[in-house]
Amino acid sequence: MKLTVLGCHSPYPPVDGAGPGYLLTHAGANVLLDCGSGVVSKLGQYLDPKGGKLAAVVLSHLHADHFCDLLVLRYAHMLAMQGTKVSPLAVYCPEEPEAERAVLPFRQILALQTIDERSHFSLADMTFSFYRTKHIYPCYAVRVEAEGSSLVYTGDTAWDEGLVEFAALADVLLVEACFTEQNKGENPAQHMSARECGVLAEQAMVGKLILTHLPPIGDGAELLAEARATFSGETILAFSGLCFEL
Ligand SMILES: [Zn+2]
């Protein structure tokens, strides 16, 4: 299974950057995890967005920073479907909030499927399972397994003990590091500090920690140092273009 980071910034992308978007490729099939601002442009570096080459899009939750580019990816997929046998694009997402989900359908271009904690399915020999995180909108962490390798992506969440078991022994933990411990404050939006990311990685005994959902300003050095102080394994910052085989 190959992971390619298309974008990793929030709540908005920096110049030439993109919001959360992670391309998983396995056995010739492509699945997109989240589709933030600028992700379609980055996706075009790896595959033709109107080529019908995406098996599915999985959205952790329906905050705009995680799904807004799906609204234009629909147009690319509409072109893919014209005069061909390409099917509507499968999109897996939470049922709520209703108002956000209601903006997704467009001329039967998308085949919307609901995810919850019981969801478990396979796409191109990758199996997907989910865990409801602590966030203001319903949000699901995703565990993806393929041929003995595993990736856990937290989506957005405050610290949640239950993630330790969900992420246990994953080869790669892709986790949102919105804040340093110092600037976390009251945390009304429910995100994790980089220190907590490191603690999660250490307790879950993962192979490698990738910090993502990074602020659009700054170099992330403080986030990296905080996470490295609590996790003894390899820890890196995500960036657009980061790509490796699990
Ligand atoms: Zn977010």
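The buried residues of helix H6 pack against H5, S11, S12 and H7. In this predicted model, 8 of the 11 residues of H6 are buried, so the helix is largely enclosed by the rest of the structure. The buried positions are Ala194, Glu196, Cys197, Gly198, Val199, Leu200, Ala201 and Ala204. H6 covers residues 194–204 and lies across S11 and S12, running at about 155 degrees to S11. Met205 follows H6 and has a positive phi, near 55 degrees.

**The sheet under the helices**

S11 and S12 belong to an open sheet of 7 strands with mixed pairing, in the order S7-S8-S9-S10-S11-S12-S13. Its edge strands are S7 (120–123) and S13 (234–237), each of which pairs on one side only. On average, neighbouring strands of this sheet are turned by 20 degrees against each other, direction ignored. Strands S11 (residues 172–176) and S12 (residues 208–212) run parallel and are joined by 5 bridges. One residue pair in this ladder is Glu176 with its bridge partner Thr212 in S12. A further helix, H7 (residues 221–230), lies across S12 and S13 and runs at about 165 degrees to S13.

**Two residues compared**

The table sets a strand residue beside a loop residue.

| Residue | Place | Relative accessibility | Contacts beyond four places in sequence |
|---|---|---|---|
| Thr212 | strand S12 | 1%, buried | Cys8, Tyr22, Leu174, Val175, Glu176, Ala177 and Ala238 |
| Lys184 | loop between S11 and H6 | 16%, buried | Phe179, His191, Ser193 and Glu196 |

Lys184 counts as buried because its relative accessible area of 16% is under the 20% cut-off. Its contact list includes Glu196, which is one of the buried residues of H6. Thr212 touches Glu176, its bridge partner.

**Nonpolar cores**

The largest nonpolar core has 57 residues, and those with the most contacts inside it are Leu24, Leu33, Phe128, Leu173, Ile210 and Leu211. A second, separate core of 25 residues includes Cys35, Leu54, Leu62 and Val91. Leaving aside residues up to four places away in sequence, Leu173 touches Val152, Thr154, Ala167, Leu200, Ala201, Val206, Lys208, Leu209 and Ile210. Among these contacts, Leu200 and Ala201 are buried residues of H6. Nonpolar side chains tend to be buried together in soluble globular proteins.

**The zinc site**

Which residues hold the zinc ion as protein donors? They are Asp65 (OD), His66 (NE2), Asp156 (OD) and His213 (NE2), lying 2.1 to 2.2 Å from the ion. The spacing of the donor residues in sequence is D-H-x89-D-x56-H. Distant parts of the chain are linked by the pair Asp65 and Asp156, which are 91 residues apart. Asp65 is in helix H2 (residues 64–67), whereas Asp156 is in the loop between strand S10 (149–153) and helix H5 (162–166). Both Asp65 and Asp156 are buried.

Why is the arrangement of the 4 donor atoms irregular? The donor atoms subtend angles of 93 to 160 degrees around the zinc ion, which makes the arrangement irregular. A tetrahedral assignment would need all angles to lie between 85 and 135 degrees.

Note on methods:
Residues are numbered from 1 along each chain as its sequence is written. This is a predicted model: local features need pLDDT of at least 70, side-chain atom pairs count only at pLDDT 80 or more; totals for chains, interfaces and linings use all residues. Side-chain values use heavy atoms; hydrogens and water are left out. Two strands pair if DSSP finds at least two bridges between them. Helices (H or I, at least four residues) and strands (E, at least two) are DSSP runs, numbered from the N terminus. Axes are lines fitted to C-alpha atoms, for helices over the stretch in contact, and angles run from 0 to 180 degrees between N-to-C directions. Contact means heavy atoms within 4.5 Å. Donors are N, O and S atoms within 2.8 Å of the metal (3.2 Å for Na, K and Ca); water is not among the atoms, so sites may look incomplete. Four donors count as tetrahedral if all angles lie between 85 and 135 degrees; four count as square planar and six as octahedral if opposite donors are over 155 degrees apart and all others between 65 and 115; anything else is irregular. Buried means under 20% relative accessible area, exposed over 50%, partly exposed in between (1.4 Å probe, protein chains only). A nonpolar core is a set of buried Ala, Val, Leu, Ile, Met, Phe, Trp, Tyr and Cys residues joined through side-chain atoms within 4.5 Å.
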